[in-house]
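Here is a friendly walk through a structure, one chain at a time, with a few backbone details at the end. Keep the view open as you read.

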Amino acid sequence: MVTSRHWFVALATGSLLAAATACAAPGSDSGSSSSSGPIKIAVVDAQSGQLSSLGAWELKGAKLAVQQVNAKGGIDGRKVKLSVFDDQGDPTTGTSIARKIVSGGYTAMIGTAESAVTQAMNPILKSAKIPSITSGQATAITELGSPYQFLNGPTSATYDNTLEEYLTKTKSFKTFAMITNNGGYGVGEHDAFTAALKASGIEPVVNDVVTPDQKDFSAVLTKIRSKKPDVLFIGTEEVEAGLIAKQARQLGLTAVFAGSAPLSTPVYVQTAGADVADGTLVSTPYLSNDATEASKAFAAAYQKAFGETAELHGAKSYDGTSIFLAALKQTKGKGGLAMADAVRAEKYDGLLGSFDFDDKGVGIHQTVIGVISGGKLGPAS
Amino acid sequence: MSRRPLTRSIARPALWVVVGVVLLALPYTVGPYPIHVVDVTLVFAVLAIGLGMALGLAGQINLAQIAFFGIGAYVLAIVTTDAGWGFWAAAVVSLLASVVAGLAVGVPALRVQSHYLGIVTLGLALAFTSWVTNSSVTQGANGISNIPVPPLLGVDLSSEYLYYYLELVVFVAGLAFALFVVRTRLGRRMRAMRDDAIAAGALGADVRVLRLLAFTVSSVYGGVAGILYAGLIRYVSPDSFTISTMFLLLAMVVIGGRQSIVGCVLGAVVLSLAREWLTDFATYAQLGYGLVVVLAVVFAPTGLAGLPARLGLGRRRDGAERGALHDFVPGPATAAAVSDAGPADLQVEGIGKTFRGLRALHEVRLSVPAGAIKGVVGPNGSGKTTLLNVVSGLYTPSTGEYAVGGVRATALGPTALSRHGVARTFQNLRLFADLTVRDNVLFALDRSRSAASAEYLVWPVGVVRDERRLRAEAEELLAEFGIADFADLAPRSLPYGIQRRVELARAVATGPRILLLDEPAAGLNGQEVAQLAQIVRTIRDRGVTVVLVEHNMGLVMSLCDEVAVLANGSVIADGTPEQVVADPAVVEAYLGDSSQLRDLVPDQRTIREAAGDDAEEVRA
Amino acid sequence: MQVTLQTLVGGLTLGAIYALVALGFSLVYRTMGLVNFAHGQVAMIGAFTMSTFYMTAKLPFVLAIGIAVVVTAVLGLVIERVLRPLEGKDFDLMLIGTIGFGVMLEALAVVVWGATGRAVPSPLHTAPLSVAGLKIQTYSLLVLVVALVTTAMLVGFLHRTRVGAAMQAVAMDPEAATSVGIHVGRSNAIAFAIGAGLAALAGGLAGPMLYVNATLGSTIGIKGFAAAILGGFGNITGAIVGGLGIGVLDAFAAGRFGGYSDLVVFLLFAVLIMVRPTGIFGERTVNRA
């Protein structure tokens with residue numbers, strides 16, 4: 001216990017100082033990007049934790065795009081400098097990184113792959129007028145109403161509308177069952193594919209939701225088996241999709257598997273097993289490294305730079321970064337609203353198709369259908 | 001208090017002034033990124049204080065703190081964005097929601113403790129995550145964005161610099177309240193319960209109420225932190241309230257020092273900053289803090305807060321400074337402590353107690369007149385301690401009834417019995433190990449109800465006044481019992497004989513009408529036994545009935561007015577000491593050698609009585 | 001009906017894994033009163049170790065699991081050794097210490113094996129058995145049999161061997177065990193090593209059914225823990241019943257409540273614990289610590 005007199009002295013001194021400092025409000029909220037020196041661009045993705053493979057691919061795509069621009073002399077004579085930030089898939093960490101980007105004078109941001117993190121960072125980036133391009137595809141991102149927010153790929157609606165049309169029109173499948181999870185990605189898939197089916201007047205025979213951690217799907221799969229659907233739509237991340245496919249075949253379910261991007265990955269094929277994965281129909285904006293001249297060139301450069309085979313996420317991030325760099329060329333390195341407008345004006349021919357951004361920040365409005373055969377993704381007939 | 005060196009009492013406020021100035025001036029010296037980090041850190045600091053109150057102070061393993069945090073943030077987000085309420089009105093709602101959640105999570109703590117509680121609270125935290133991930137109200141995995149900026153008299157709180165001051169005010173208030181609780185009766189009770197819930201219950205603390213309170217307090221801090229988080233980040237999603245964040249929070253509290261509120265804050269600050277600093281090495285950071293937690297529990301269980309003491313810095317009083325055990329000098333404090341209601345009699349009618357078919361007591365009949373000293377003796381395993389545990393409410397008897405002071409007491413729990421005037425000591429000493437001797441006595445002197453802790457919010461001045469009065473009484477009582485020299489020491493650092501004296505003082509401090517002593521002379525030397533006899537006699541003379549379970553026959557014979565002998569769970573003799581010693585049944589029970597009966601030395605008790613101490617089915 | 005039975009089969013299959021996890025929990029708990037919150041992570045390390053030797057080193061599946069069991073048993077010894085100073089003193093601190101170990105092991109797995117994880121091919125290539133429309137995996141049967149045989153062996157070990165008997169004695173009364181010359185520390189270490197080995201067995205067997213990554217530990221750990229409690233903590237046969245019970249409960253909850261299944265399972269679990277803290281086969285005290 002301290003005597004009250006000492007406390008009085010302490011408090012008095014403290015409040016005097018408080019009064020003195022209260023005269024001026026502290027801090028300035030923005031560190032504006034400078035117009036000389038390198039143009040700074042941030043890559044924000046999970047580089048640790050469960051989503052880190054995604055983050056690693058995206059970083060490589062972005063790096064490649066920047067390397068190519070720098071090799072050609074940069075933008076308006078200035079080099080582009082890429083910095084990586086690890087958001088750990090945690091929204092709170094994301095907000096700290098957003099502040100770091102703002103005060104660090106970054107012109108633009110590539111990322112993130114996690115829609116929750118992207119949404120958490122959005123208010124800060126919006127008020128600092130920093131354009132960013134995410135690889136997320138959640139509808140919620142397009143509804144943020146920020147002119148600085150872009151998507152480097154299609155939304156779930158685009159993926160699933162294309163898929164649904166192919167399945168019902170080209171393949172003439174009649175009955176559908178759906179399994180989606182309640183994670184950020186799965187919810188988007190659930191809503192988009194259900195809506196697409198509804199537009200064709202089809203009600204799925206089973207439309208069940210699972211959790212991202214679930215390991216056993218006997219109950220839902222047996223239920224589905226008894227309805228004998230033509231197609232089982234799987235709207236979950238890679239590993240879970242693989243487990244669902246594997247268990248479905250083990251239970252004697254014969255339906256065709258269909259889904260979007262995660263089902264095009266090697267992780268899905270390995271988890272399900274190549275024989276199970278064969279015949280899976282996938283809606284994707286990036287069919288293979290051999291599809292076009294552009295993708296061949298990209299895949300070769302990627303192989304050369306990182307010693308591994310390119311895939312969808314690297315391509316998406318490569319496209320997104322390239323569009324941002326092209327826009328910066330237009331504005332001569334100037335960021336802010338000018339750059340965001342330039343992105344919207346840009347008609348960019350990328351690996352994923354022709355980008356044409358609408359006011360929701362979506363640039364790709366179509367996908368193609370692929371099929372897995374022999375464990376590899378190829379174009380569907 | 002007056003013995004603290006002068007330099008220290010000046011240094012302390014000086015330190016606080018420096019800290020205060022630094023905290024106030026901080027926003028003027030840093031950029032927008034550091035201030036954001038500081039803002040987040042303060043949220044975690046508030047959260048950590050809450051966890052510290054449950055885990056460190058009350059010993060309740062609470063892995064649902066992250067859910068309280070989440071509920072605070074989510075309810076605020078829902079009520080502002082969905083229902084369109086103002087921020088502060090919504091804050092009140094979300095605080096209430098957190099408290100309700102706290103009470104709900106606290107209910108299992110009434111039944112289970114330790115790791116069971118850990119897994120149940122962890123499960124409930126996962127249930128919360130499951131709810132927010134699925135519900136359409138919480139907008140599932142997408143989370144809720146566009147939470148409004150809290151309005152405050154025209155101050156623009158969208159500036160994180162100004163938001164910092166709001167957080168600072170809340171944090172300081174929260175810290176001050178936590179310290180206030182820790183240093184007054186509620187905190188003392190919680191610590192006592194943490195150290196020994198059975199003893200705390202038997203000495204009158206309503207353990208159930210305290211556990212619920214611990215969770216409630218914890219949830220209030222969780223809710224406040226959630227509100228601050230929502231106002232700062234203005235977006236909530238299930239990803240913000242994961243189990244890994246819970247473990248990070250746990251690491252903060254353990255590394256900082258769970259038993260010290262300031263330590264918890266320190267841990268939150270250190271780990272938040274470390275996490276930010278190591279953000280590019282997140283996996284290694286995780287590896288690192290896991291390692292530090294392991295090292296902390298093994299080598300520094302008191303955490304950062306306890307480091308100065310462990311390193312031998314600061315004051316430390318040991319042997320030489322300890323002082324001496326003085327004679328018992330009954331005075332006004334002892335007299336005041338003893339209940340005005342006068343001595344109570346004890347009537348035991350046909351009590352039986354079986355443990356899983358093992359009969360410990362059978363048809364025990366015992367009458368202890370008011371104001372008498374009654375000895376209960378018997379060979380090891382005869383059921384003496386079981387009998388004491390029954391009449392102090394720890395065991396529910398299988399059959400029979402007993403009454404204290406003419407009131408039927410069979411159905412009363414230990415806490416109610418304590419309030420009714422039954423006090424006891426324990427065969428194996430159940431002092432609150434991490435409380436000082438003074439706090440042990442203060443705990444017993446404090447007869448207020450835990451349920452009345454609303455006074456902390458309504459009229460804190462009353463709490464302070466009570467505390468002053470209690471402290472004055474405690475000083476006197478410690479002096480009269482001759483243990484004033486040890487007031488600031490932890491009981492376990494003291495010799496056995498002194499600990500026995502402390503336990504006796506603690507029992508008397510509860511204001512008993514009847515005092516149950518379980519082998520109070522065990523481990524005492526001859527002189528100490530003589531002092532004990534004098535103390536017991538004096539207490540009886542002041543108006544307390546005494547029941548003495550004892551092996552030291554010399555003490556029993558010289559002290560007791562009446563003696564009952566137990567053998568195999570039944571009373572085989574009851575009468576004056578002389579009558580009992582002459583009883584052939586008694587002689588037979590003691591292996592047919594009456595001389596052994598007289599010579600029984602206290603320290604021979606090595607094997608525990610059947611179902612003696614610590615047994616199951618103890619009523620909390 | 002078919003859905004119900006097939007759900008039951010699926011639940012029992014995963015339940016067998018939970019049961020093996022619960023066995024390790026219970027063995028350690030009954031011997032030294034410690035709840036090892038890192039147990040799931042030890043299982044995860046076992047699964048990764050198995051996958052390395054099975055997939056990378058191309059060793060036979062059984063041998064790969066054997067190596068994993070040995071590796072994690074050593075890991076168990078390390079954990080026990082580090083936490084030994086707290087034994088019999090502060091159980092809450094030990095519990096927090098094991099949580100620290102769990103966090104560490106998870107990060108370690110990411111450092112060593114990466115965050116992506118790996119799919120382990122099944123060692124059995126036979127077609128599923130078909131019984132009245134029910135599909136039963138031969139591998140599931142194998143796991144179930146292993147779980148039952150392991151339980152029987154463990155019970156036999158505890159009752160019929162000297163070391164086992166010594167461990168039983170320590171479990172009942174450490175002081176008395178010491179007084180008759182049993183080395184309590186060694187007995188605890190053996191229990192911990194066996195417990196960790198059982199975790200590796202569970203993790204290794206789970207590998208081909210699930211997907212091996214760093215979070216595998218927390219997923220099967222918490223369910224295994226719940227299984228151990230449900231069966232009556234410290235009770236060996238209870239662990240197997242609890243494991244199968246949690247597996248079935250989980251499977252039906254997933255079928256009935258979809259995304260909300262976790263909410264239902266954990267709320268139900270909390271209620272069960274409150275109604276009957278000693279579990280189904282609880283015999284000893286509620287709170288040994």
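## Chain B: contacts and overall form

In chain B, 77% of the contacts with a separation of 6 or more join residues that are 24 or more positions apart. Please keep in mind throughout that this is a predicted model.

If you trace the secondary structure of chain B, you will find 25 helices and 10 strands. The C-alpha trace spans about 90 × 55 × 45 Å along the principal axes of chain B. How does the radius of gyration of chain B fit a compact globule? For 620 residues the globule value would be near 25 Å, and chain B has 28 Å, which agrees.

## Chain B: surface and charge

Buried residues account for 59% of the 620 in chain B. The accessible surface of chain B is about 22700 Å², and carbon and sulfur atoms hold 61% of that area.

Chain B carries 50 positive and 51 negative charges, and the mean positions of these two sets are 3 Å apart.

## Chain C: fold and dimensions

Turning to chain C, there are 11 helices and two strands. Where do the strands of chain C fall in the pattern along the sequence? The order is α-α-α-α-β-β-α-α-α-α-α-α-α, which puts the two strands after four helices and before seven others.

The C-alpha atoms of chain C fill a box of roughly 60 × 45 × 35 Å along the principal axes. A compact globule of 289 residues would have a radius of gyration near 19 Å, and chain C agrees with this at 19 Å. Contacts in chain C with a separation of 6 or more come to 77% from residues 24 or more positions apart.

## Chain C: surface, charge and recorded spans

Of the 289 residues in chain C, 60% are buried. Chain C exposes about 10500 Å², with carbon and sulfur atoms supplying 70% of it. Its side chains include 15 positive and 10 negative ones, and the centres of the two sets lie 10 Å apart.

An unreviewed UniProt entry lists several spans of chain C under "transmembrane region", among them residues 61-79 and 189-212. What does the model show for these two? Residues 61-79 of chain C are 100% helix and 0% strand, with the end C-alpha atoms 27 Å apart. Residues 189-212 of chain C are 88% helix and 0% strand, and here the end C-alpha atoms are 28 Å apart.

## Backbone details in chains A and B

A few spots deserve a look at the backbone itself. In chain A, the peptide bond from A:G111 to A:T112 is cis, with omega near 0°. A:T112 sits in the loop between β3 (108-111) and α4 (115-127) of chain A. Further along chain A, A:K129 has a positive phi of about 60° although it is not a glycine. A:K129 belongs to the loop between α4 and β4 (132-134).

Chain B offers another example: B:N146 is not a glycine, yet has a positive phi of about 60°. You can find B:N146 in the loop between α5 (114-134) and α6 (160-183) of chain B.

Which class of exposure does B:N146 fall into? B:N146 has 57% relative accessibility; exposed means over 50%, so B:N146 counts as exposed. A:K129 has a relative accessible area of 44%, so A:K129 is partly exposed.

Conventions:
Residues are numbered from 1 along each chain as its sequence is written. Chains are lettered from A and ligands numbered from 1 in the order in which they are written. This is a predicted model: local features need pLDDT of at least 70, side-chain atom pairs count only at pLDDT 80 or more; totals for chains, interfaces and linings use all residues. Side-chain values use heavy atoms; hydrogens and water are left out. The radius of gyration is taken over C-alpha atoms; the globule rule is 2.2 Å times the number of residues to the power 0.38. Buried means under 20% relative accessible area, exposed over 50%, partly exposed in between (1.4 Å probe, protein chains only). Contact means heavy atoms within 4.5 Å. Accessible areas come from the Shrake-Rupley method with a 1.4 Å probe; for residues, only the protein chains shown count as cover. Lys and Arg count as positive and Asp and Glu as negative; His and the chain ends are not counted. The place of a charge is taken as NZ of Lys, CZ of Arg, CG of Asp or CD of Glu. UniProt positions are given in the numbering used here, feature names are shortened, and annotations may be inferred rather than shown by experiment.
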